[in-house]
Amino acid sequence: MNEATLSILEELIVVCKVGEEGFQLAASEVKSSELQSLFVGYSLQRSRLSRDLEAAASALGNRVPAECGSVGSKAGRT
């Protein structure tokens, strides 16, 4: 198992989850239904990407999916 690769995948998972949450928030805050649809679509896309990345990390031997609990601190670095 390549620790550097797993580390990169975990960071990408966090970035996707932060994006997912951000787009969900944006969708809930805008008044335009067109923008809401766009942001919801982006949120769903980020969700799919994070699941795909988690599957790739799991295939490489990572047993613990990246947690979103400390997303705020990691998002600031991203």
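Author: Contact here means heavy atoms within 4.5 Å. This is a predicted model, where local features need pLDDT of at least 70, side-chain atom pairs count only at pLDDT 80 or more, and totals for chains, interfaces and linings use all residues. Residues are numbered from 1 along each chain as its sequence is written, and side-chain values use heavy atoms, with hydrogens and water left out.

Reader: What does leucine 9 touch?

Author: Leaving aside residues up to four places away in sequence, leucine 9 touches Leu53, Ala56, Ala57 and Leu60.

Reader: What makes up the largest nonpolar core?

Author: Six residues: Leu6, Leu9, Ile13, Cys16, Leu53 and Ala57. Such a core is a set of buried (under 20% relative accessible area, 1.4 Å probe, protein chains only) Ala, Val, Leu, Ile, Met, Phe, Trp, Tyr and Cys residues joined through side-chain atoms within 4.5 Å. H1 gives the most to this core, with four residues.

Reader: Why is the pair of phenylalanine 23 and tyrosine 42 called tilted?

Author: Rings of Phe, Tyr and Trp (its six-membered ring) pair if their centres lie within 6.5 Å; planes under 30 degrees apart are stacked, over 60 edge-to-face, and the rest tilted. This pair has 5.1 Å centre to centre and 55° between the planes, so tilted fits.

Reader: What does the pair tie together?

Author: Phenylalanine 23 lies in helix H1 (residues 3-29) and tyrosine 42 in helix H2 (residues 33-59), so parts 19 residues apart in sequence are tied together. Helices are DSSP runs (H or I, at least four residues), numbered from the N terminus.

Reader: Why does phenylalanine 23 count as partly exposed?

Author: Partly exposed lies between buried and exposed (over 50%), and phenylalanine 23 has 21% relative accessibility, so the label fits.

Technical notes. Helices (H or I, at least four residues) and strands (E, at least two) are DSSP runs, numbered from the N terminus.
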